[in-house]
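Colleague: Got a minute to go through this one with me? I'd like to hear how the labels are justified.

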Number of protein chains: 2
Amino acid sequence: NSACTQEPPRKKIHLDDASKETSSSPSKEEAPENNGSCGSSGSANKFNGSTKEQEAKENEQATAAAADFSQLEIVRVLSNTDANCSVAVEAKHKTEDGRVLLHLQKSPFNVELMSEVVSGGTRLRQLLHNDVYSKHTAALPVHLNEVSVTIIHPATDKHFERYERELCSMVEETSELYAIHSKPFIDSGSSFSKQWIYNILEGSSEADRVIFRDDDPLTGFVLVPDLKWTGLQLTDLYCQAIVVRRDVSTIRDLNGDHLPLLRNIRDLGTKAIEEKYGVERHRLRVYVHYLPSYYHFHVHFAALTYDAPGTWCGRAHLLSDVISNLEQSHVCYSRATLSFVLKDNHPHPLALKQQRSRDASSPSPVV
Amino acid sequence: NSACTQEPPRKKIHLDDASKETSSSPSKEEAPENNGSCGSSGSANKFNGSTKEQEAKENEQATAAAADFSQLEIVRVLSNTDANCSVAVEAKHKTEDGRVLLHLQKSPFNVELMSEVVSGGTRLRQLLHNDVYSKHTAALPVHLNEVSVTIIHPATDKHFERYERELCSMVEETSELYAIHSKPFIDSGSSFSKQWIYNILEGSSEADRVIFRDDDPLTGFVLVPDLKWTGLQLTDLYCQAIVVRRDVSTIRDLNGDHLPLLRNIRDLGTKAIEEKYGVERHRLRVYVHYLPSYYHFHVHFAALTYDAPGTWCGRAHLLSDVISNLEQSHVCYSRATLSFVLKDNHPHPLALKQQRSRDASSPSPVV
């Protein structure tokens, strides 16, 4: 949950090319024409002619090569996240061309299998013993201790950037900095397309996934499960409400007139989740990102039991706090200094590397 | 980093007995007379006579029994934290008495051994393939995939409480609820003593650890490393500024008059950290907790690279946001509705179980 490693895939999605991207899984994100699983991808491509088919075949062969770990050599470690037991490395194949990106992540314990874990098949080695406490390392049977592996091959510079750890900075955005730098960046819309949002709002995509819909042009919203949520368990419930109106990009655009919209999302959104999933309002964290990952106003609903992405201060603002602030001052978000955490190489004009390149490119003073 | 499992050890320190506790490791906290590791505990106990020696022997036998997983049976799962791949369970031994508490946690990858991980010894099973992406499960050689195990045996109710997940609720504290319930609770001071804070402020404790001191009675503060920070590396830098004045319990007490205090902490605190540790201001997350873990106003300084405890919305407020809010409205924090996450069994009067017991104990209306 480190600030610097939050949601890189999601962010990149929209920065690279959002028009074709609606998922946070790399495979769905970047290969929209080929949405099938392993078995079906070949046949799906047949409709696109022989070049596509040929490409798919080559990709499958490249993957098969990269999945043979006996033929790979480590080039460098891209990132190592102790907190969630994951690591990303660049590797190369001994004979095949193309760079290989490997992301390895240990799997959470499956509580259904705990009696197999705590059984004679697990060997313990004691490290220390003190009073009633002792510490050991355990060698678990392999099938109970799987690792999840993502392979990207051939991988491009953009893939490596996504998995590489980048330093972050805290940016203090005054209302002036917002007006001069941030707003033009957001308005330019150059960073990504919002078509996938409009598809959801218009019902042409994900219509079967909609939990609740209120079509009011001013206070309406569509509530959908977030793509990160598998929907399999309620402990990691994660949904988002996307507002119908298209004139609110971020909390910077909010004023007192939007209070009915915000209260509507809070009240009907939590009610819909309680009705559909039985998760009560006080068990939810309801919040807004600033900066958001896309610039169409939306609200996140996450179970308190779920360590959802980007809930830390410097990114997340509780919807109830936003409402309370606007109740006190209708113009607070246009006047406030808002601080947020940005990767140094983020394209936002207030990100550290953007600032520095701007400073460097400004004309030297004439002496 | 789940909301529900934040900082229990720290809280316990101050709630139970702040005078003798400086560590969050269970063995040091609860077994102060027996600080040795496995090998040395026996001999250390010899000086305390045969009863102690006998006890130690019994403890060692109990541990040896519990470490034989073939003799254990699972009673229940206490908590399962997917995010860091850990699980806590209660077990019982087939023949030995006493309840067993097991905490299992997968180990982070050791980057030194990555070339062993990516080798012929690791077998992959493909789950899906799509374009350049593929997803697999990997069976790693056992010695590269260790699990860390903590055993507590015999374990008491207090041990189980510590590892048991307690549900949390989001509490919306209006200014009225604050005045009626929260303020009296805070003012009663019954929950814990603040003597350890006054010791730091007066220089009678931790004087050698002080990073910066400003004794001004209105705007002064003492900056010290947080006890959670080992000080060994800057990536998890974690300090706190404790204000000199004793009349501010929480952000609820702040008004426009406190702006010089807050700006002083922001400016001189970050300057002191940059001078002592070389970590620049924009690499820090500077924030306040509400609810805090103790009711004397203090500010946290954490490296952005550190996933510090309680940085999530519903607990953490960026100091820069607090300053900006007070600049806009001097009375905003006394008027605001503030939401926060509370464990259901927290002693705060707005915690779910307190509310329910209050509701249950209020006299029934006379019909």
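**Hairpin, strands and interface**

Modeller: Sure. It's a predicted model. Take the hairpin of β4(A) and β5(A): two residues lie between the strands, and Asp131(A) there has a positive phi near 55°.

Colleague: What makes β4(A) and β5(A) a pair of strands?

Modeller: Pairing needs at least two bridges, and residues 123-130 of β4(A) join β5(A) over seven, in the antiparallel sense. Leu124(A), for instance, stands opposite Ala138(A).

Colleague: Which strand of chain B pairs with β5(A)?

Modeller: That's β6(B), residues 147-152, antiparallel again, over six bridges. Ala138(A) faces Val147(B) there.

Colleague: Why is β5(A) called largely enclosed?

Modeller: Buried means under 20% relative accessible area. Six of the seven residues in 133-139 of chain A are buried, so the rest of the structure largely encloses β5(A).

Colleague: How do you know that the two copies are related as by a two-fold axis?

Modeller: Chain B lays on chain A with an RMSD of 2.3 Å, by a turn of 180° and a shift of 1.0 Å along the axis. The copies are therefore related as by a two-fold rotation axis. They also use the same surface: 99% of chain B's contact residues recur in chain A.

Colleague: What makes Glu172(A) and Arg281(B) a salt bridge?

Modeller: The cut-off is 4 Å, and their closest N and O atoms are 3.5 Å apart, so by that rule the pair counts. The rule finds four salt bridges across the interface of chain B and chain A.

Terms used. Residues are numbered from 1 along each chain as its sequence is written. Chains are lettered from A and ligands numbered from 1 in the order in which they are written. This is a predicted model: local features need pLDDT of at least 70, side-chain atom pairs count only at pLDDT 80 or more; totals for chains, interfaces and linings use all residues. Side-chain values use heavy atoms; hydrogens and water are left out. Copies are superposed by least squares on the C-alpha atoms of residues with pLDDT of at least 70 in both. Contact means heavy atoms within 4.5 Å. Buried means under 20% relative accessible area, exposed over 50%, partly exposed in between (1.4 Å probe, protein chains only). Helices (H or I, at least four residues) and strands (E, at least two) are DSSP runs, numbered from the N terminus. A salt bridge is a side-chain nitrogen of Lys or Arg within 4 Å of a carboxyl oxygen of Asp or Glu.
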